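Take a look at the two chains below. We will walk through them step by step, from the sheet they share to the parts to read with care.

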Amino acid sequence: MTMDRRQAVLAVTVLPLLPAAPARATPEAMAAAMQAFSGGAPVRDGRITIEVAELVENGNTVPVALRVDSPMTATDHVQRLALFTERNPQPEVAVFHLSPAAGRAQVATRMRLATSQRVVALARMNDGSVWRRQVDVIVTLAACVES
Amino acid sequence: MAVRALVQVPKAVRRGEVFEVRTTLAHPMETGYRRDSGGRMLPRDIVRTLEVRLAGERVFAADLHPAIAANPFFAFTLVANAGGPLEIRWVGDNGFVHTETVTLVVT
């Protein structure tokens, strides 16, 4: 696309005035998403480790590793492991489906963080119990999930 | 456009030994919350699921949302009693499907 100087100047001045996308999760939306995951089971703190930098420079790609203290046997294992955020446009990040075939309950990925916020992991065991871990992450350059 | 994907497993694993699988897929994971330079919303284009099967049996899966970074990367562990084809399948928006198969050698 070609653009003369006048159009270019106009584009630059107009763009910042566009309203930001209204979509943004709230702590309430995250609570609702976590409730849907836990299915109403009581949520207890513990058993999960979240490995993520406390200070993140680039929110576009944030390495995060989850581990659950579980023997991963047929009678005692993690069935589902999920990651939620408080202030991304949507609270859900990912749900991992595990079984004893995993050997260990550990998953690593890279996520987006739109801003500094709380990140929560939930694990649902085969006995129906649900465990939680939360960490606060500070982001200096936010992900361009919205522009 | 050819899909680029990378699946890493050890050359050989011992029976019953826990080993790590790493998968990366070249994909923009467009969130659906961004605008282009003209202010138009960019439609969502993400990978929605990842499914891993060993010799036909599902051993790992993930449901994904726009908060997964571009070029989705996952590392997870498996334990196997027998070798066979390890099939990784990504399914996404706009009819996206890609399957990568590696052979798992169990000694």
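Two strands pair if DSSP finds at least two bridges between them. Keep that rule in mind for this predicted model. Six strands form an open sheet here, in the order β2(A)-β4(A)-β7(A)-β5(B)-β2(B)-β1(B). Their pairing is antiparallel. Which strands sit at the edges? They are β2 of chain A, residues 48-51, and β1 of chain B, residues 5-8. Each of these pairs on one side only. From one strand to the next, the twist averages 15 degrees.

Now go to the place in the sheet where the chains meet. Strand β7(A) pairs with β5 of chain B, which covers residues 73-79. The sense is antiparallel, and there are three bridges. Find A:Thr109, whose bridge partner in β5(B) is B:Phe74.

Next, widen the view to the whole interface. How many residues of each chain take part? In chain A, 32 residues are in contact with 24 residues of chain B. On the chain A side, two elements give two or more residues each: β6 (92-97) and β7 (106-111). What kinds of residue make up that side of chain A? It has 16 nonpolar, eleven polar and five charged residues.

Stay in chain A and pick out A:Arg67. It lies in strand β4, residues 62-68. Is A:Arg67 buried or exposed? A residue counts as buried if 20 or more other C-beta atoms lie within 10 Å of its own. A:Arg67 has 20 such atoms within 10 Å, so it is buried. Leaving aside neighbours within four places in sequence, A:Arg67 is in contact with A:Thr49, A:Ala105 and A:Gln106. Compare its place with that of A:Arg80. The two are 13 residues apart in sequence, and their C-alpha atoms are 12 Å apart in space.

Now turn to the nonpolar residues. The largest nonpolar core has 57 residues. Which of them touch the most other members? They are A:Leu81, A:Leu83, A:Ala94, A:Met111, A:Ala121, A:Ala123 and B:Ile68. Follow A:Leu83 as an example. Not counting residues up to four places away in sequence, A:Leu83 touches A:Leu66, A:Val93, A:Ala94, A:Met111, A:Val119 and A:Ala121.

Chain B deserves a look of its own. It has zero helices and seven strands. From the N terminus on, its elements run β-β-β-β-β-β-β. Along its principal axes, the C-alpha trace of chain B spans about 55 × 20 × 20 Å. Of the 107 residues in chain B, 29% are buried. Consider also the contacts in chain B with a separation of 6 or more. Residues 24 or more positions apart account for 54% of them.

Finally, how confident is the predictor? Chain B averages a pLDDT of 96, and 99% of its residues score at least 70. Chain A averages 87, and 81% of its residues score at least 70. Where in chain A does pLDDT stay under 50? It does so over residues 12-22. For that stretch, the model has four contacts beyond four places in sequence. The model scores ipTM 0.95 and pTM 0.88.

Technical notes: Residues are numbered from 1 along each chain as its sequence is written. Chains are lettered from A and ligands numbered from 1 in the order in which they are written. This is a predicted model: local features need pLDDT of at least 70, side-chain atom pairs count only at pLDDT 80 or more; totals for chains, interfaces and linings use all residues. Helices (H or I, at least four residues) and strands (E, at least two) are DSSP runs, numbered from the N terminus. A residue is buried if 20 or more other C-beta atoms lie within 10 Å of its own, exposed if 12 or fewer, and partly exposed in between; C-beta atoms are placed from the backbone. Two residues are in contact if their C-beta atoms, placed from the backbone, lie within 7 Å. pLDDT is the predictor's confidence in each residue, from 0 to 100. Ala, Val, Leu, Ile, Met, Phe, Trp, Tyr, Cys and Pro count as nonpolar, Asp, Glu, Lys and Arg as charged, and the others, Gly among them, as polar. A nonpolar core is a set of buried Ala, Val, Leu, Ile, Met, Phe, Trp, Tyr and Cys residues joined through C-beta atoms within 7 Å. Axes are lines fitted to C-alpha atoms, for helices over the stretch in contact, and angles run from 0 to 180 degrees between N-to-C directions.
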